[in-house]
Structures are given as structure tokens and as C-alpha cells.
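Please look over the sequence and the model below before reading on. The text then goes from the whole chain to one of its helices.

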Amino acid sequence: MAAAIKNVTVIGGGLMGSGIAQVAAQTGHRVTVVEVNENAIEKAKNGIQNSLQRVAKKLYKDKPADAETFVKETLSRLHTSLDLKDAVKDTDLVVEAIVENLDLKHKLFSTIDSVAPNHTIFASNTSSLSIQDIASVTKRKDRFGGLHFFNPVPVMKLLEVIRIPETSDETYEKMTAWGKALGKTTITCKDTPGFVVNRLLVPLLAEAVRMLERGDATARDIDTAMKLGASHPMGPFELADYVGNDTTKFILDGWHQKYPDVELFKPIPLLTKLVEEGKLGLKTGEGFYKYDKGTK
């Protein structure tokens, strides 16, 4: 089953897309990364090369020649393209890793559905949108599923494999086998909001913000409580700032729109205020904590 997927097309060369492309190329797959312009292509290539060098340094600590060979051979399996239709003409798997916008995803899959070979599997790396909704524009729902990787992809071991009711057993088995061939630990989930990890994680972050909003405890004390009381590596506010408060809000807003009666998904005034003020977390220098001097 793993051998059934040899050629992989990753659409979107951002942080997640380039990470997926890297691990696929590392494990012997021929990979094509599709982007919208040359600047995005160059940024993806540079990011992958730098990440590969870090991986090689860890794998071949005292063997610089082997490390160089590893990087060179991996890069030889990595290709880039600005031509979406051409990039899917001879591929076994398409992994979509573009922005979380349903209309854009619909446009993308509609464009390639009639061009990609009949055997080609389509998958989305979405972390918050419904796989069923994304697949609705295609005529290959039996060959459609979710492959949700985690950031940073070369480091994080988990891969959530999501199947919709129409996903065939063969497609599911091929996706799972491919994930394992990448060295990932795979778990299976139905097409539910946030799948497993984000369905538990995002409400946790939301409840932490509500606690802070009510004045139950400080952000620092809540973070300390979860690290020392629940053995979490990061507290919820540290994690929210790392992920980006805009990202958390975006996910909650999407779920609230689709499931307006679920209390956990309702908007949080404090989170909305932070996002409106541009306090998105680590990437802007301030969120629940300040990072402008490298400290919280």
C-alpha cells in the first residue's frame, strides 16, 4: 500500500506544505510543490533546505559526508511548479495545504478534479474545515480524505487520517500506509470539527481565556497550573501565543458559524479584543505575554 503512492503533489509551500514536502522527499517519494509565484517557490525551497540541513546534522552527527549526501539526495526528489494542472497530471496523491478558506479550496479541487488521473487521491491538510465540505465539489469523494499534519512537520510524529462516509477502504488504507511510510504515527478520526487534537485543544485554549476574562486566575498561574498539574509542556496562553491568537479565533469563529448552539465555540470578547489590537502572539511580539525583549 505504501508503494502505491510514489509521486506526491503538495499544493501550497508555506510552513505546513513545505514541511510535508520535506518529509515525503526524505522518505523516497518524488514530490512537486506548487506555488503561485517565484518568490513563494524560493521561500519554500530555502526553508526546506535549511530544515533538511538541521535534520542531517542530527542524523549524521559525526559523518558530514553522509549528511551532505542525505541533503543532496532528498533535494533531488523535490521539484517545484507554478503550473497547477501540469503538476497533478502524473501524481498518486495531492495534499492541499493552502489557506483555510473554503471557497479557495473549492476552486483548487474543482480545477484539478478533471485533470488528475483517476487513481489519484485528494487530501486536505485543513485543521478546522470539514473534509466533507471541501470534497463536495469533486467527483472522487471515494478518493478523498484528510491528512492533518502538525507543526513543525519534520519533528511532530502524529498524523490524523480523516475519512468521510464516501472514502473507500482502499483510499483510507493507502493514506494510512503512506503516513506510516513517512515515519508518522497515524490515528483515525471521523470528519468532526477539529478532528481529535484541535477538537480538544482549541476549547481548552478558549476555556483558559474565559477563566482569565472572569478574573479566576492570572495567565501565568493558569499556565503554571497546566504545566505542573497536568504535565503539559506549554501552558494554554503560551500555546495560544505560539499558535497565533488570530488562528485560534479563526477556528472558533468557523465552528461557531456552523454550530451556533455549542457553548464552547462561542466568541470570546477578550480574544476578539487582542486580535483587533494586533496582539497575535509570538509573531507580533505581544499576545497574552510580551515578547519584544525575548522574555514573557
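The paragraphs below describe the overall fold first and a single helix afterwards.

This is a predicted model. Its chain contains 12 helices and 8 strands. The radius of gyration is 20 Å, close to the 19 Å that the globule rule gives for 296 residues, so the chain is as compact as a globular protein of that length. Taken along the principal axes, the box filled by the C-alpha atoms is roughly 55 × 50 × 35 Å.

Of the 296 residues in the chain, 46% are buried. Contacts also reach across the sequence: among those between residues at least 6 apart, 66% join residues at least 24 apart. On the outside, the chain exposes about 14,800 Å², and carbon and sulfur atoms supply 54% of that area. As for charge, there are 39 positive and 38 negative side chains. The centres of these two sets lie 3 Å apart.

Within this chain, helix α10 spans residues 236-243. How many of its 8 residues are buried? The count is 6, and the helix is thus described as mostly covered. Buried here means under 20% relative accessible area. The buried positions are Pro236, Phe237, Glu238, Leu239, Ala240 and Asp241; Glu238 and Asp241 count as negative residues.

Which helices help to cover these residues of α10? The cover includes α8 (197-214), α9 (219-229) and α11 (245-258). After α10 comes Gly244, which has a positive phi near 115 degrees.

Note on methods:
Residues are numbered from 1 along each chain as its sequence is written. This is a predicted model: local features need pLDDT of at least 70, side-chain atom pairs count only at pLDDT 80 or more; totals for chains, interfaces and linings use all residues. Side-chain values use heavy atoms; hydrogens and water are left out. Buried means under 20% relative accessible area, exposed over 50%, partly exposed in between (1.4 Å probe, protein chains only). Helices (H or I, at least four residues) and strands (E, at least two) are DSSP runs, numbered from the N terminus. Contact means heavy atoms within 4.5 Å. The radius of gyration is taken over C-alpha atoms; the globule rule is 2.2 Å times the number of residues to the power 0.38. Accessible areas come from the Shrake-Rupley method with a 1.4 Å probe; for residues, only the protein chains shown count as cover. The place of a charge is taken as NZ of Lys, CZ of Arg, CG of Asp or CD of Glu.
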